[in-house]
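Biologist: I am new to this structure. Please walk me through it, and tell me what each term rests on.

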Amino acid sequence: MNKGKFGEYGGQYVAETVMSSLKELEAAYEHYSNDAAFQAELRDLLNNYAGRPSNLYYAEKMTKDLGGAKIYLKREDLNHTGSHKINNVLGQALLAKKMGKTRVIAETGAGQHGVASATAAALLGLKCEVFMGKEDTERQALNVFRMEMLGAKVHPVTSGTMTLKDAVNETLREWASRLDDTHYIVGSVVGPHPFPLMVRDFQKVIGIEIKEQMLKAEGRLPDAVIACIGGGSNAIGAFYDFIEDKEVRLIACEAAGLGVDTPKHAATMTNGTVGILHGMKTYFCQDVYGQITPVYSISAGLDYPGVGPEHAYLADMHRAEYVPVTDEEAVDAFRYLSRTEGIIPAVESAHAIAYTRKIAGVMGDDKIIVVNLSGRGDKDVASIARYMGVKINE
Amino acid sequence: MNKIEDAFSGKKALITFIMGGDPDIQTTEKLILAMSEAGVDIFEIGIPFSDPAADGPIIQAASVRALGKGCTADDLFSMVKRLREKITKPIVFLTYANSIFAYGKERFMERCRNSGIDGVVVPDIPHEEKDELSGVCEKYGITQIALVAPTSKERVEKIALGAEGFIYCVSTLGVTGIRDEVRTNITETISKVRSVSQIPCAVGFGISTPEQARDMAAVSDGAIIGSAIVKIIGEYGYDSVEPVKQYVARVRDAINQG
C-alpha cells in the first residue's frame with residue numbers, strides 16, 4: 001500500500017502551498033511516534049489530565065430491557081471536555097509544541113473538537129483559533145462560549161452551507177496563509193496524509209482499552225463494536241485494535257437525518273460516491289458534476305459530507321459495516337439511554353445507541369456488544385428540547 | 001513545442017482567469033473574446049465548484065454566482081467549442097480535482113480535447129498526486145500545468161522537471177485574492193526552475209494593478225490575473241465586458257512597457 005493511502009483512498013490532494021507543512025508534519029510525527037519520551041508525556045496527559053482509561057460500563061438495565069446481547073458502554077463521554085476528541089487533540093497539540101508551533105487552528109462541527117482544542121491549547125500555552133460554521137455556532141452556542149472561556153477565538157464561517165465542511169475549507173485557507181507558526185489540528189480521521197493516520201493512532205487507545213477491559217470482564221472479545229460515524233474518528237478509534245479479530249463485527253452508524261431516501265441526510269456510505277475533497281480521496285455526498293451536496297443531521301458532529309479514507313477502505317473490504325440511523329431514531333435513543341441508564345449521550349453517540357437497540361434483541365444473550373459512547377449530551381439538551389417542541393429558557 | 005509554451009515566445013505573456021458561467025455562459029464567452037482583443041495570451045476558465053478551498057472570497061463568490069445559474073462542465077465544454085471557431089489562443093481549465101474525477105477522468109479529458117481545451121490547472125493536485133491525471137492528460141494531449149509556491153523551496157526542481165506548458169508560480173501564501181503588496185521570493189523560485197528547465201514561469205495570486213502585473217512579468221515570463229477581473233465582473237455583471245476589456249488593455253500596456 002502506498003504511503004498515506006488506504007487502498008485507493010486517502011492521499012494528499014492539497015494546494016502546493018501547504019505541501020511543505022504536510023511533509024514537515026509527516027517527518028515530525030514519524031519521529032515522535034517512535035519517541036519514548038513523547039509517548040510517556042502523552043500517556044501522562046491522557047491518564048492524569050483527560051481521565052483515561054475511560055470506563056467500560058456494563059449497561060445491565062439496557063441489556064435486560066432489550067433482552068438479547070449483553071451491552072457494554074465505552075464511556076468516552078467521561079473524558080475531560082466530554083468526548084473522545086480530547087485523545088487526538090492532546091496528541092496533536094503536544095506534537096505542535098514539539099515542532100515549535102505557537103498557534104493552533106481547528107475546525108469544529110458540534111463544537112466538541114473546538115472545545116477540546118481550546119482546552120489543550122490553554123493547557124500547553126498555545127494560541128488557539130477555531131473555525132465553526134455559522135449555523136453550528138447557533139445550534140451549539142454554549143460550546144462557542146466554552147471555547148471563548150478557554151481563551152480561544154471563534155470565527156463563524158459564513159461561506160457555503162455554513163456547517164462543518166465549510167469550516168474545514170476556511171481552516172485550510174487560514175492554514176495556507178500562515179504556516180510557519182501554526183499547526184492545523186484536524187479533528188477527525190479526514191484530510192490529507194498524515195492526518196487520517198495520525199488521528200487514528202491518537203484515537204486507537206479507545207479500542208486497545210476496550211479489548212483489555214473486555215478480556216478482564218468477560219475473558220473474551222466482544223461480538224460487535226458499534227460507534228457513530230461522521231468523519232469517523234471515534235469509530236476508527238474503537239475499531240482499529242479489532243480489525244485483525246475477524247470474528248468481531250465492526251458497525252458504524254451514520255446520520256440518515258430525515259431518511260436516506262430524502263435529500264436531508266449525511267449518509268455518506270449509504271448514498272455517497274468516490275470523490276476528492278479536503279485533501280483526500282474517499283466517499284462524499286455529491287452530484288454527478290462533483291458538487292458537494294448539502295448534508296443534514298440533527299447532530300452537528302455527524303453533519304459532514306465525507307468520511308475518513310480508512311473507513312472507505314474498511315467498507316470496500318467488507319471489514320466494517322456502515323448503517324444509516326435517522327434523527328428520529330437517534331432522538332428516541334437519546335431519551336432512552338437517559339431514562340434507562342441515567343446517562344445522557346451526545347446526540348452523535350445516540351446514533352450508535354439507536355442501532356444497538358435494533359440488533360441487541362435479535363442477538364442471543366450469549367453475545368456481547370460494546371457501544372462507543374463517544375460523548376456526553378449536555379451540549380444537546382437544548383436542541384433535543386427544540387426537536388421535541390419543548391420550550392425552555394436556555 | 002507545446003502550444004501553451006508557444007504563447008510565451010518573444011513576449012511576456014498575459015494570462016487571465018475568469019469563472020465560467022459568471023454571470024452567465026453568454027457573458028463568459030463575450031469576456032473571453034473581448035480579453036483576446038485586449039491582448040490576453042492564455043485564458044484560464046474556472047469550473048465552478050461548491051468547495052473552492054484554495055480560493056479567497058472574490059472567486060468563491062463567483063463560484064456561487066455561476067452555480068446559482070446552473071453552470072456545469074458540460075456547458076463550458078460547449079462554450080469552448082463555440083469559442084474555437086473564433087480564437088486559437090490557448091485555453092485551459094482551472095478546476096478542482098473533484099470536478100474532473102466526478103465527471104470521469106477519461107471522459108473529461110476526451111471532452112477537453114474535442115472541445116479545444118489545451119490544458120488544466122488543478123490546484124488540489126500537487127506533485128505527489130500528479131499521476132492521478134498524468135496518464136489521461138497524456139493520452140488526450142492535455143497539458144497538466146504545475147504550480148509552485150513560496151513554500152516549495154527544495155520541491156521546486158522536482159516539480160519543474162518534466163513540467164509542461166508553463167509553471168504557475170504562486171506569489172504569496174494563502175488563497176487567491178487581491179493584495180496591496182505582492183511580497184515574493186519569485187526570482188529565487190524562478191532561478192531554481194531555470195536550473196532544471198527552460199519552461200516559462202508565470203506569476204499569479206494577489207496581482208491586481210497594472211503596475212504589479214508589470215513588475216511580476218518583468219521578473220518572470222508572464223503575469224496571471226484572476227481576482228481583480230472577477231471583482232469587476234462581480235460589480236458589473238452582464239455589463240462587465242467593456243470594463244474588463246479596458247482593464248485588461250491597461251494591464252497589457254503596462255506589461256509591454258515593463
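Modeller: Start with a pair of strands in chain A. Strand 2 (residues 9-13) and strand 12 of chain A run antiparallel and are joined by 2 bridges. Bear in mind that this is a predicted model.

Biologist: Why are strand 2 and strand 12 of chain A called paired?

Modeller: Pairing needs at least two bridges found by DSSP. These strands have 2 bridges, so they pair. Tyr13(A) stands opposite Gly279(A) in strand 12.

Biologist: What makes strand 11 (residues 273-277) of chain A a partner of strand 12 of chain A?

Modeller: The cut-off is at least two bridges. Strands 11 and 12 of chain A have 5 bridges, so they pair too. They run antiparallel. Val274(A), for one, has Tyr283(A) as its bridge partner. The two strands form a hairpin with 1 residue between them. His278(A), in the turn, has a positive phi of about 50°.

Biologist: How do you know that strand 12 (residues 279-284) of chain A is largely enclosed?

Modeller: A buried residue has 20 or more other C-beta atoms within 10 Å of its own. In strand 12 of chain A, 6 of the 6 residues are buried, so the rest of the structure largely encloses this strand.

Biologist: Now the two chains. What makes a residue of chain B count as in contact with chain A?

Modeller: The C-beta atoms of the two residues must lie within 7 Å. By that test, 32 residues of chain B are in contact with 27 residues of chain A. Helix 5 of chain B gives the largest share of chain B's side, 6 residues. That side divides into 18 nonpolar, 8 polar and 6 charged residues.

Notes. Residues are numbered from 1 along each chain as its sequence is written. Chains are lettered from A and ligands numbered from 1 in the order in which they are written. This is a predicted model: local features need pLDDT of at least 70, side-chain atom pairs count only at pLDDT 80 or more; totals for chains, interfaces and linings use all residues. Helices (H or I, at least four residues) and strands (E, at least two) are DSSP runs, numbered from the N terminus. Ala, Val, Leu, Ile, Met, Phe, Trp, Tyr, Cys and Pro count as nonpolar, Asp, Glu, Lys and Arg as charged, and the others, Gly among them, as polar. A residue is buried if 20 or more other C-beta atoms lie within 10 Å of its own, exposed if 12 or fewer, and partly exposed in between; C-beta atoms are placed from the backbone.
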